[in-house]
Amino acid sequence: MGTTKSEFRSIVVFGGAGFIGSNWTERLLKTTDAKVHVFDNLSRMGARHNLDYLQKIAGRNGRLQITVGDVRDAAMVGRVVKYATEIYNFAAQVAVTTSVADPRLDFEVNLGGTFNILEAARRHGQDPFLLFTSTNKVYGNSGDGVVRALGSRYVASRSRGTDETQPLDFHSPYGCSKGAADQYVRDYARIFGLRTVVFRMSCIAGQRQFGSEDQGWVAHFLYSTLEGKPLTIFGDGRQVRDVLHVDDLLNAFEAAYANRKSTAGQIYNIGGGEENTTSLLELIDRVEELTGARAGYNFCDPRAGDQLIYVSDSAKFQRDTGWKPKADLDVIVKSIYKWYRSNRELFAPSRSERYAQAELLTPMRRVA
Ligand SMILES: NC(=O)c1ccc[n+]([C@@H]2O[C@H](COP(=O)([O-])OP(=O)(O)OC[C@H]3O[C@@H](n4cnc5c(N)ncnc54)[C@H](O)[C@@H]3O)[C@@H](O)[C@H]2O)c1
């Protein structure tokens, strides 16, 4: 969806060097005339690699600006938001595990950082459109009725998927910080008239995802299998998730913006839906079939707050915008595999060492 000639778009992407942020920035650079300002503290492994990639795409077109900064720094956030016509907030502490180990960090980044962005937009902004990515973790255990094990997955007595009427039940510090932020984002639309949209997303997967045991499990399962590293499965592996390809998520961002008259002030559950569900064990089978490699794995106690089944019901967003996911699980897993094969050097000898090296390759200029 391109920019019309009359429309000037100046877009700030907080967390723009991460998985979703870098894919969104690439899409904006390739398909619109927008100016894109990436703001990221580069704390996520692979973030610098993603930035290098974006800089190559942008070349010398002057449309990409980069600020290495932290969303906890309200003054800095205020400066970058001032002239934005659109804001996307992906910057976050993204792992439930880290949120349990360091709840203060999680709180300050996810809630404090989002609050800084909202305040900057309200006080100094030019009536920007603002999209925030929240999570299915705000729902705790979804209302699927009785859940039982059947073969390699859990099945529910009610399998309609979770829609936005599901009562909130924040579970884990991450669920609390994202959930509180999502309520703030929504309320700034009601109280201050900011044009905000909240996406509550389940599992997003695709190219340029540096998945780890803590976050990005589909990519993590694939990489570990290819590298011959044993996986730890928390629980019995029958947990079910719906998976959405990152390209479909980008289409949803475009649809939310294009239909901003009706999406502003709304919260939407966004995911791959019933057709794109897999259990952990089923994903391992799929990865083995695709790659020909054998996955090694062992089982551990389930993680606190882990949902047995979560499937998004995105009907509200589909009704409001006409959006529909296109990529099935096969396409999703293949796109990660393809990206892995053309970026093998980042994954050997040990992924974490190579990530760290990739961070060191290019000194980053701070542009504030
Ligand atoms: N990937 C998923 O499956 C998924 C699912 C639900 C919600 N989300 C949400 O989507 C957003 C993006 O997720 P992602 O998968 O791209 O994660 P990611 O870790 O790849 O991206 C997050 C980016 O934010 C940056 N960041 C972290 N702390 C920061 C800070 N204090 N200041 C500035 N930048 C900071 C990181 O360096 C990273 O580049 C997050 O808000 C996450 O909670 C993701």
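By class, the shell around the ligand splits into 14 nonpolar, 10 polar and 5 charged residues, where nonpolar covers Ala, Val, Leu, Ile, Met, Phe, Trp, Tyr, Cys and Pro, charged covers Asp, Glu, Lys and Arg, and the others, Gly among them, are polar. This is a predicted model, so local features need a pLDDT of at least 70 and side-chain atom pairs count only at pLDDT 80 or more, while totals for chains, interfaces and linings use all residues. Numbering runs from 1 along each chain as its sequence is written.

Of the 29 residues around the ligand, Gly15, Gly18, Ile20, Ala91 and Ala92 come nearest; a residue is near when its C-beta atom, placed from the backbone, is within 6 Å of the molecule. Helix H1 (19-31) gives the most, with 3 residues. H1, helix H5 (103-124), strand S5 (129-135) and strand S9 (203-205) each supply at least two, with helices (H or I, at least four residues) and strands (E, at least two) being DSSP runs numbered from the N terminus.

Strand S8 (residues 195-201) is largely enclosed by the rest of the structure, because 7 of its 7 residues are buried, meaning 20 or more other C-beta atoms within 10 Å of a residue's own (exposed is 12 or fewer, partly exposed in between; C-beta atoms are placed from the backbone). Arg195, Val197, Phe199 and Met201 cover one side, with Thr196, Val198 and Arg200 on the other. S8 runs parallel to S5, joined by 7 bridges, and arginine 195 is the bridge partner of phenylalanine 129. Strand S12 (residues 266-270) also pairs with S8 in the parallel sense, over 5 bridges; pairing takes at least two DSSP bridges. Here valine 197 partners glutamine 266.

The largest nonpolar core (buried Ala, Val, Leu, Ile, Met, Phe, Trp, Tyr and Cys residues joined through C-beta atoms within 7 Å) has 79 residues, and Val12, Val13, Phe14, Val81, Ile117, Ala205 and Val218 touch the most other members. A second, separate core of 5 residues includes Leu308, Ile309, Tyr310 and Val311.

Two non-glycine residues have a positive phi: aspartate 127, at about 50°, and serine 172, at about 90°. Aspartate 127 sits in the loop between H5 and S5 and counts as exposed, because it has 11 C-beta neighbours inside 10 Å. Serine 172, in the loop between strand S7 (153-156) and helix H6 (173-192), is buried, with 23 other C-beta atoms within 10 Å.

As for confidence, pLDDT (the predictor's per-residue confidence, from 0 to 100) averages 92 over the protein chain, and 92% of the residues score at least 70.
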